[in-house]
There are 2 protein chains.
Amino acid sequence: MLAAYLVKVARVAVVSIATVLLGTVQALAQNDPLPSWNDTAPKAAIVAFVEKVTREGSTDFVAEPERIAVFDNDGTLWVEHPMYTQLAFVLDRVKAEAASHPEWKDTQPFKAVLESDMKTLAALGEKGLVELLMTTHSGMTAEEFQTIVTDWIATARDPRFKKPYTELVYQPMLELLAYLRANGFKTFIVSGGGIEFMRPWTEKVYGVPPEQVVGSSIKTQFEMKDGAPTLMRLPQVNFIDDKSGKPVGINEHIGRRPIAAFGNSDGDLEMLQWTTLGEKPGFGLIVHHTDAEREYAYDRNTEFGRLDTALDAAAVNQWTVVDMKADWKQIFPEK
Amino acid sequence: MLAAYLVKVARVAVVSIATVLLGTVQALAQNDPLPSWNDTAPKAAIVAFVEKVTREGSTDFVAEPERIAVFDNDGTLWVEHPMYTQLAFVLDRVKAEAASHPEWKDTQPFKAVLESDMKTLAALGEKGLVELLMTTHSGMTAEEFQTIVTDWIATARDPRFKKPYTELVYQPMLELLAYLRANGFKTFIVSGGGIEFMRPWTEKVYGVPPEQVVGSSIKTQFEMKDGAPTLMRLPQVNFIDDKSGKPVGINEHIGRRPIAAFGNSDGDLEMLQWTTLGEKPGFGLIVHHTDAEREYAYDRNTEFGRLDTALDAAAVNQWTVVDMKADWKQIFPEK
């Protein structure tokens with residue numbers, strides 16, 4: 001009886017082992033961490049870099065706390081063309097607030113926004129834009145602004161793709177973020193965009209918590225109001241996290257030099273230099289928008305989202321350049 | 001035969017279960033996470049708070065990403081009396097650099113420092129102090145400054161305790177930091193001290209990585225120098241992370257409202273208000289220095305490290321006040 005029992009146990013064991021082995025084989029086959037990337041040079045370069053810095057005992061090994069990766073947002077993680085999403089937000093906010101500001105009908109730059117007269121708006125230049133930004137981004141508490149952004153981002157739609165902006169994120173980059181995190185990296189966003197415009201949704205969309213978002217900001221002021229602590233948003237620029245501001249923002253917020261940086265324009269040049277040209281060479285990557293059909297195509301030959309100096313620097317410094325059309329199997333996530 | 005086998009299996013099982021139970025009982029007895037705290041009210045309040053916010057399904061439950069705890073540094077995590085450690089650093093740096101600056105012998109505020117004339121130095125007031133700070137904290141790269149701090153903190157000794165400053169940290173607070181982290185909290189330092197003066201050693205000493213340190217800062221500038229990216233430290237104040245600056249710094253760096261705040265002076269008042277008086281009440285704690293024998297005793301009745309308004313606010317808002325002498329079994333870590 002015991003013999004029969006043992007045979008049965010052994011049979012169960014063999015079947016179990018086989019099941020486990022089969023599972024492992026299937027997992028290996030399925031477990032491409034970057035399935036939306038074609039098997040071209042950029043994917044190979046990413047995987048080689050990650051394997052190198054995570055291989056214990058290797059000369060290139062980087063301890064986990066030092067595995068800092070920084071990502072630009074507009075054009076690197078989500079669509080920025082033909083208009084930064086934050087600008088769409090600004091225009092919508094002016095329209096939403098217009099009823100309480102009858103004077104805007106006759107005052108620039110508000111008049112141009114209300115009349116959807118983009119030509120006049122462009123002619124008003126940076127000064128007009130800053131006024132619009134300050135008007136729509138200040139005069140409320142930090143929490144009130146967070147609610148405004150959260151409500152807007154849930155309902156606004158991109159005019160070409162007819163989708164929420166948070167669905168116009170790049171599937172290959174989502175996979176890259178997850179792959180890096182699975183390998184002990186801490187992933188940060190370092191964007192020229194407003195820090196408080198991004199924080200309400202980056203955790204849900206990218207898995208990047210608010211404390212790992214670096215961006216441009218306006219000044220805030222702490223006050224006790226009727227016994228309640230409030231942070232009021234003031235119409236004054238605090239920090240511009242673009243170009244040479246990016247390494248400054250990285251140093252202020254993170255306090256360590258990243259070992260990997262991902263960008264898509266000249267605004268990311270200094271961040272890429274800071275990351276890759278120190279004593280320990282880091283990994284640099286540029287997303288080149290080459291796919292007018294599935295997304296957009298633009299670079300040094302277009303005015304928008306200028307990629308010029310950074311593209312030259314990529315060649316000199318051996319940064320990886322992603323040719324969106326050739327290297328990405330899929331652009332956006334499936335529903 | 002099977003019966004005998006089953007009996008044996010059952011016996012083994014019973015013995016195993018007993019062993020496991022015994023282990024659990026022993027672990028519970030040994031596993032006081034705050035052994036350097038006496039069993040007085042503050043310890044009970046801390047444990048009750050942590051159990052409340054981590055109990056799933058309870059109305060007070062806080063999801064892990066929202067478990068943000070902020071700690072002042074000087075006087076809360078390490079000794080600040082009779083002189084902030086960063087000021088000792090400043091004075092030592094002036095002395096170390098004096099040979100390259102012969103003019104300092106006859107120029108204030110340097111003359112006073114070189115002659116250890118603290119009375120004159122005090123009379124020179126804030127202007128003199130700012131000049132000393134800027135002279136010793138700028139004019140080098142971020143990395144050079146990091147090396148200077150690392151070297152100094154390894155060799156400097158507190159004059160009373162004859163120990164490195166990093167050994168004059170409070171053992172009960174080290175246990176508290178670890179206890180919170182073990183319960184899914186992310187622990188941040190939010191200090192009036194220089195952010196780059198703390199970051200080189202906070203990870204080793206407190207388990208707080210550089211990206212979780214918020215502090216005062218000077219401006220930095222990114223430059224490419226002979227092909228190498230550098231961040232130069234400029235003699236300009238960027239941000240003062242004290243008093244009403246603390247909620248501002250918390251919002252900028254963390255972007256979420258903390259649910260627990262720990263301080264020891266009026267400089268922490270606004271941080272405590274911001275943390276505890278919002279819609280969801282957070283936990284506030286003040287370390288009251290009452291132990292002149294083992295450490296120091298000072299509060300509203302002394303000029304140094306003033307604890308006055310915040311002590312009144314603690315009573316009104318039911319913040320926990322630690323009486324160092326009565327509530328802490330041990331002040332500093334054993335060697």
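Where in chain A is the place of A:Asp32? In this predicted model, A:Asp32 sits in the loop that runs between helix H1 (2-30) and helix H2 (41-54) of chain A. The residue counts as partly exposed, because its relative accessibility is 30%. Two contacts of its side chain were identified. A polar atom of the A:Asp32 side chain lies 2.8 Å from the backbone nitrogen of A:Leu34, and a polar contact of 2.7 Å connects the side chains of A:Asp32 and A:Lys43. With respect to A:Lys186, A:Asp32 is separated by 154 residues in sequence and by 21 Å in space, taken from C-alpha to C-alpha.

The pairing of A:Asp32 with A:Lys43 also qualifies as a salt bridge, with 2.7 Å between the closest N and O atoms. This pair links distant parts of the chain, since A:Lys43 belongs to helix H2 of chain A while A:Asp32 is in the loop between H1 and H2 of chain A, 11 residues apart. The accessibility of the two partners can be set side by side: A:Lys43 has a relative accessible area of 8% and is therefore buried, whereas A:Asp32, at 30%, is partly exposed. A:Lys43 takes part in a further salt bridge, with the side chain of A:Asp39, at an N to O distance of 3.2 Å. A:Asp39 is exposed, as its relative accessible area of 70% lies over the 50% limit.

Over all chains, the search of the whole structure finds 32 salt bridges. One of them is in chain B, where the side chains of B:Glu115 and B:Lys111 meet at 3.4 Å, N to O. Both residues fall in the intermediate class of accessibility: B:Glu115 is partly exposed at 47%, and B:Lys111 is partly exposed at 27%.

Helix H2 was also examined in chain B. The helix comprises 14 residues (residues 41-54), which at 1.5 Å a residue should span 20 Å; the C-alpha atoms at its ends are 20 Å apart, so the expected and modelled spans agree. Buried positions in H2(B) are B:Pro42, B:Lys43, B:Ile46, B:Phe49, B:Val50 and B:Val53. These residues lie on the same side of H2(B), because they cover an arc of only 130° around the axis. The elements of chain B that cover them include helix H7 (171-182), strand S5 (260-263), strand S6 (283-290), strand S8 (320-323) and helix H12 (324-327).

Turning to the contact between the chains, 40 residues from chain B and 40 residues from chain A take part. The two chains bury about 3,400 Å² between them, of which 53% is on carbon and sulfur atoms. B:Glu211, B:Phe222 and B:Glu252 supply 18% of the area that chain B buries against chain A, more than any other three residues.

Polar interactions across this contact were then counted. Between chain B and chain A there are 8 salt bridges and 22 residue pairs in polar contact, with both residues at pLDDT 80 or more. On the side of chain B that touches chain A, two or more residues each come from helix H1 (2-30), helix H6 (142-155), strand S2 (186-194), helix H8 (195-206), strand S3 (213-225), strand S4 (228-239), helix H9 (245-253) and helix H10 (269-276). H9(B) gives the largest share of that side, with 5 residues.

Among individual salt bridges, the side chains of A:Glu211 and B:Arg256 meet at 3.2 Å, N to O. A network of salt bridges links residues of both chains, namely A:Glu66, A:Lys186, A:Arg256, B:Glu203 and B:Glu211.

A:Lys186 is also touched by A:Gln212. The latter residue is located in the loop between helix H8 (195-206) and strand S3 (213-225) of chain A. A:Gln212 counts as buried because its relative accessibility is 7%. When residues up to four places away in sequence are left out, A:Gln212 touches A:Lys186, A:Thr187, A:Phe188 and A:Ile189, together with B:Lys186 of the partner chain.

Technical notes: Residues numbered from 1 in each chain as written. Chains lettered and ligands numbered in written order. Heavy atoms only, no water. Helix = DSSP H or I, 4+ residues; strand = E, 2+ residues; numbered from the N terminus. Expected span 1.5 Å × (residues − 1). Buried < 20%, exposed > 50% of the residue type's maximum accessible area, 1.4 Å probe, protein only. Arc of directions from axis to C-beta. Contact = heavy atoms within 4.5 Å. Buried area = accessible area lost by both parts, 1.4 Å probe. Salt bridge = Lys/Arg side-chain N within 4 Å of Asp/Glu carboxyl O. Polar contact = N/O pair within 3.5 Å; in protein donor to acceptor, adjacent residues only side chain to side chain.
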